[in-house]
Amino acid sequence: MGKHRGWGHVLMVALVGFAGAAMATESAPVERVGTLQVQRHGDHGRPVILIPGLECGPWVWQRTIADLEKNHVVYAVTLAGFDGVPPPAPDAKAGTLLDRADASLLQLIETKHIDKPVLVGHSIGGTLSLRFAGEHAKLLSGVVAVDGLPVFPNMDRMSAAQRQAAAAQVQAHVGAMTPAQFKAAALPYMQHIGVIDPNEAARVAPLVGRSDAKATAEYMAADMAADYRPGLKQANVPIMEVVPYYASDARQYAAMRKQPVPDAAQKAAYYQSLLANAPNAKVVSVSPSRHFVMLDQPVKFQQTLDGFLKAL
């Protein structure tokens, strides 16, 4: 079932992320750690590291930061190549940009002496958080993945070769986009996949061009080719997967495929199956919402996140 959308819709989720207006969070001091750009908020409490999704910056977490910084030290990161942060020079020995983000996250925790943070990641940021938990569970208190999974939705039954072939195809297509084409893809994505409110979609879509198309293509390819499910056996920390559900989208998908309409529980069960290797993972469905749960349902999302943090 995946996201209960067709392959074209799945590609749209990968093709374009989210961009928002400049927010107050941008006034926080900025530094670079490895390939990551990092902003710190708050001065006490359990540390939380916020990792945005494809083409996103810290502004996507504006409400989350405002709430968390009262009782937590918050590190809001931006992946290289997104939101105006330049991509690093190619380095074959360092691996993909996703590999380098993973290594930089470890560098951030170790050099800043961040004691047992909670990773909160959206989309590819959630995937990165789950991957990191499988590699370095002892360094973490927990993980929250917001519509980010250990294997790309609807590709979980493909072979590694099939995923790599699909990833290479998408990377070539997106990497060849002109800036104008890259920006033009934002509005339909935000209208149909990103958020429910069309006014919000129209407001943020023009700002997607702050990210780099080739970097985006590389992250997408790495995400689509990967399968981090085996590593979850070592991710013995509390994990919460936040699953969006929007009935209108589910009905449209079912009509297109001539299948029964999947409900929120069915979608949540599919996500839970992808996390089956994790010793302590739970799935929480939030509706009505699309991919950007924290924007469609800010109150529900924050209550869900706060509940998870308080239970640690």
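Helices, runs of H or I of at least four residues, and strands, runs of E of at least two, are taken here from DSSP and numbered from the N terminus. On that basis Leu275 falls in the loop between helix α11 (264-274) and strand β8, and this loop residue of a predicted model will serve further on as one of the points from which the interior can be read.

The whole chain comes before its parts. The protein contains 13 helices and eight strands, and its C-alpha atoms fill a box of roughly 50 × 40 × 40 Å along the principal axes. Its radius of gyration is 18 Å, which agrees with the value near 20 Å that a compact globule of 312 residues would have. Of these 312 residues, 56% are buried, while the surface that the protein exposes comes to about 12,600 Å², with carbon and sulfur atoms supplying 54% of it. When contacts between residues at least 6 apart in sequence are considered, 79% of them join residues at least 24 apart. As for charge, there are 29 positive and 26 negative charges, and the mean positions of the two sets are 4 Å apart.

Helix α4 is a useful place to enter the interior. It runs over residues 124-136, and its 13 residues reach 18 Å from the first C-alpha to the last, close to the 18 Å expected at 1.5 Å a residue. The helix is mostly covered, with 11 of its 13 residues buried; among them are Ile124, Leu128, Leu130 and Phe132, together with Arg131 and Ser129. The cover over these buried residues is drawn from several elements, including the strands β3 (48-51), β5 (118-122), β6 (142-146) and β7 (239-244), as well as the helices α3 (97-111) and α9 (213-225).

Strand β7, one of the elements covering α4, holds Glu241. Is Glu241 buried or exposed? Its relative accessibility is 0%, and therefore Glu241 counts as buried. Leaving aside neighbours within four places in sequence, Glu241 is in contact with Leu130, with the run Ala145, Val146, Asp147, Gly148 and Leu149, with Tyr271 and Leu275, and with Lys282, Val283 and Val284.

Leu275, the loop residue named at the outset, thus returns as a partner of Glu241. With a relative accessibility of 1%, below the 20% limit, Leu275 counts as buried. Apart from neighbours within four places, its contacts are Leu130, Pro150, Leu232, Glu241, Ala281 and Val283, so that Leu130 of α4 appears in the contact list of Leu275 and also in that of Glu241. By contrast, Leu275 and Glu55, which are 220 residues apart in sequence, lie 25 Å apart in space between their C-alpha atoms.

Towards the end of the chain, Val293 sits in helix α12 (residues 293-296), and because its relative accessibility is 0%, Val293 counts as buried. Beyond its neighbours within four places in sequence, Val293 is in contact with Val146, Val242, Pro244, Val286, Pro298 and Phe301. Val146 is also among the contacts of Glu241, and Phe301 is one of the buried residues of helix α13. That helix, residues 298-311, has 14 residues and reaches 20 Å between its first and last C-alpha, close to the 20 Å expected; its buried residues also include Leu305, Phe308 and Leu309, along with Thr304 and Asp306.

Some backbone features deserve separate attention. Most residues other than glycine have a negative phi, and most peptide bonds are trans. Against this background, a cis peptide bond joins Ser287 and Pro288, with omega about -5°, and Pro288 lies in the loop between β8 (281-286) and α12. Lys116, in the loop between α3 and β5, has a positive phi of about 50° although it is not a glycine, and at 37% relative accessibility Lys116 counts as partly exposed. Asn154, in the loop between β6 and α5 (160-175), likewise has a positive phi, here about 70°, and at 28% Asn154 also counts as partly exposed.

A last loop residue, Pro206, is placed between α8 (198-204) and α9. Its relative accessibility of 57% means that Pro206 counts as exposed, and its C-alpha is separated by 25 Å from that of Asp223, 17 residues apart along the chain.

Note on methods
Residues numbered from 1 in each chain as written. Predicted model: local features only at pLDDT ≥ 70, side-chain atom pairs only at ≥ 80, totals over all residues. Heavy atoms only, no water. Expected span 1.5 Å × (residues − 1). Buried < 20%, exposed > 50% of the residue type's maximum accessible area, 1.4 Å probe, protein only. Contact = heavy atoms within 4.5 Å. Rg over C-alpha atoms; globule rule 2.2 N^0.38 Å. Areas by Shrake-Rupley, 256 points an atom, 1.4 Å probe, with all protein chains shown as cover. Lys, Arg positive; Asp, Glu negative; His and termini not counted. Charge placed at Lys NZ, Arg CZ, Asp CG, Glu CD.
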